[in-house]
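Colleague: I am new to this structure. Please take me through its aromatic rings, one step at a time.

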Amino acid sequence: FGLAPLPTPRMAALKSILEDVDGKVVIWARFKEDIRGIAAELGEEAVTYFGDDSDAERKLAKEKFCDPDSPIRYFVATPATAAEGLDGLQKVSQVAIYYSNGFNSVQRWQSEDRIHRIGMGSSALYIDIVAKGCIDFPLLRNLQAKKDFSALVLDVGREIGLGVK
């Protein structure tokens with residue numbers, strides 16, 4: 001139909017956050033339409049990395065974002081596509097914004113690792129956009145519970161000498 005997407009409070013929140021953030025930012029979104037909408041809103045400063053992009057487009061997007069001299073400030077991706085096996089983002093960005101989340105805790109943890117590595121000179125900042133009256137709060141509680149449970153299992157494994165690291 002060619003209609004422009006309607007403005008949303010979530011997009012307004014993202015734009016407000018970006019006004020207060022310096023440097024390059026990784027923006028995670030669960031849905032393809034969110035990726036398209038964010039990229040359209042951010043224009044020439046954004047690249048995408050999601051299921052509809054070809055391998056060549058993804059490679060170029062990563063190269064542009066990771067180039068410190070590039071005007072690209074925003075790497076907009078789905079955790080399903082970019083959370084695992086994509087290294088190098090942490091060299092240029094310490095900020096990740098979660099525009100929308102999914103229930104897959106492994107993808108969440110892996111996506112966090114895209115901007116955090118042992119030995120980093122600075123700390124990473126993770127920002128979740130949470131809308132009142134939506135699934136966001138229960139979803140984040142679910143992800144945190146999974147993280148807490150995983151940490152508990154690892155701690156017990158260490159305590160009983162299972163060789164867990």
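Modeller: Tyr49, Phe65 and Phe75 form one aromatic cluster. Keep in mind that this is a predicted model. Start with a charge beside the cluster. Arg58 places its charged end over the ring of Tyr49, 5.8 Å from the ring centre.

Now the wider count. The model holds three aromatic pairs. One of them joins Trp28 and Tyr98. Their ring centres are 6.5 Å apart, and the planes differ by 20 degrees. That angle is under 30 degrees, so the pair counts as stacked. Trp28 belongs to strand S1 (residues 25-28). Tyr98 belongs to strand S4 (residues 95-98). The two residues are 70 residues apart, and their pair links distant parts of the chain. Both Trp28 and Tyr98 are buried.

Back to the cluster. Phe65 and Phe75 also form an aromatic pair, this one tilted. Here the centres are 5.3 Å apart, with 45 degrees between the planes. Phe65 sits in helix H3 (residues 55-66). Phe75 sits in strand S3 (residues 74-77). The pair therefore ties together parts that are ten residues apart in sequence. Phe65 counts as buried because its relative accessibility is 0%. Phe75 counts as buried because its relative accessibility is 0%.

One more charge to look at. The charged end of Arg10 sits over the ring of Tyr99. The distance to the centre of that ring is 5.9 Å.

How values were computed. Residues are numbered from 1 along each chain as its sequence is written. This is a predicted model: local features need pLDDT of at least 70, side-chain atom pairs count only at pLDDT 80 or more; totals for chains, interfaces and linings use all residues. Side-chain values use heavy atoms; hydrogens and water are left out. Rings of Phe, Tyr and Trp (its six-membered ring) pair if their centres lie within 6.5 Å; planes under 30 degrees apart count as stacked, over 60 as edge-to-face and the rest as tilted. Helices (H or I, at least four residues) and strands (E, at least two) are DSSP runs, numbered from the N terminus. Buried means under 20% relative accessible area, exposed over 50%, partly exposed in between (1.4 Å probe, protein chains only). A charge sits over a ring if NZ of Lys or CZ of Arg is within 6 Å of the ring centre and within 35 degrees of the ring normal.
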